[in-house]
Amino acid sequence: MAGLANPENWTWRSAPRAPGPIAIIDVDGVISDGSHRQRHLRKQRPDWKSFFQEADGDAPIAGSAAFLALIGSETTVVLLTARPHTLHQVTLDWLASSGHRWDLLIMRHRSDGGLRSPEFKKRSVQELRALGYEPQFAVDDDMRNVEMFRNEGIETLYLHSGYYEA
Ligand SMILES: [Mg+2]
């Protein structure tokens with residue numbers, strides 16, 4: 001598959017890590033507290049533009065930072081988020097100031113606009129596995145993603161952010 005060896009929507013924090021065990025960690029609601037901007041989605045017509053514009057104001061979730069720090073150094077920490085590519089630099093700047101441990105950031109590519117979160121994350125899992133990265137576990141706050149990961153045979157921790165309640 002063209003482009004698979006170096007997907008354009010992957011960003012390594014420093015030098016790429018060799019294939020091996022990985023932990024797959026979601027961003028919004030798992031390591032980033034976006035509760036202050038959820039109000040934009042609770043309108044009759046969800047205002048995604050405002051929702052994403054305020055992403056740089058998220059507080060890091062301290063318990064998750066502690067959790068990530070406990071993961072063994074042999075395991076590559078992959079942040080897998082369905083955030084749009086337009087938030088790439090915002091996300092990198094936020095990560096730099098957050099104190100979170102991470103190795104690889106995977107975000108939606110420009111051409112992934114129509115892809116739903118579980119579809120995008122499933123494709124990313126397949127790309128990672130094709131290159132020899134072995135998911136040990138995942139953490140996500142969206143049950144659609146939790147079910148997808150489990151269907152892919154990945155042990156998954158559900159973290160309740162409350163973002164997906166009606
Ligand atoms: Mg999330």
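**Figure 1. Coordination of the magnesium ion in the predicted model.** Three residues, D26, D28 and D141, coordinate the magnesium ion at 2.0 to 2.2 Å. D26 and D141 each bind through OD, whereas D28 binds through O. Along the chain, these donors follow the spacing D-x1-D-x112-D. D26 sits in the loop between β2 (21–25) and β3 (32–33), and D141 in the loop between β7 (134–140) and α5 (143–151), so the pair ties together parts of the chain that are 115 residues apart in sequence.

**Figure 2. Burial of two magnesium-coordinating residues, D26 and D141.** D26 has a relative accessibility of 6% and counts as buried. D141 is also buried, with a relative accessible area of 2%. Buried here means under 20% relative accessible area.

**Figure 3. The largest pocket and the residues nearest its centre.** The space in the largest pocket is about 730 Å³. Its lining is made up of 33 residues. Nearest the centre of the pocket lie W48, F51, F52, R108 and Y164.

**Figure 4. Helices and residue types in the lining of the largest pocket.** At least two lining residues come from each of α1 (48–53), α4 (117–130) and α5. The most are given by α1, with 3 residues. By type, the lining of the largest pocket holds 15 charged, 10 nonpolar and 8 polar residues. The helix α5 also borders the loop that holds D141, one of the residues that coordinate the magnesium ion.

Notes. Residues are numbered from 1 along each chain as its sequence is written. This is a predicted model: local features need pLDDT of at least 70, side-chain atom pairs count only at pLDDT 80 or more; totals for chains, interfaces and linings use all residues. Side-chain values use heavy atoms; hydrogens and water are left out. Donors are N, O and S atoms within 2.8 Å of the metal (3.2 Å for Na, K and Ca); water is not among the atoms, so sites may look incomplete. Helices (H or I, at least four residues) and strands (E, at least two) are DSSP runs, numbered from the N terminus. Buried means under 20% relative accessible area, exposed over 50%, partly exposed in between (1.4 Å probe, protein chains only). On a 1 Å grid over the protein atoms alone, a cavity is a set of points where a 1.4 Å probe fits but cannot get out, and a pocket is an open set with protein on both sides within 12 Å along at least five of seven lines; lining residues have an atom within 4 Å of a point. Grid points are joined across faces, edges and corners, and a volume is the space filled by probe spheres set on the points. Ala, Val, Leu, Ile, Met, Phe, Trp, Tyr, Cys and Pro count as nonpolar, Asp, Glu, Lys and Arg as charged, and the others, Gly among them, as polar.
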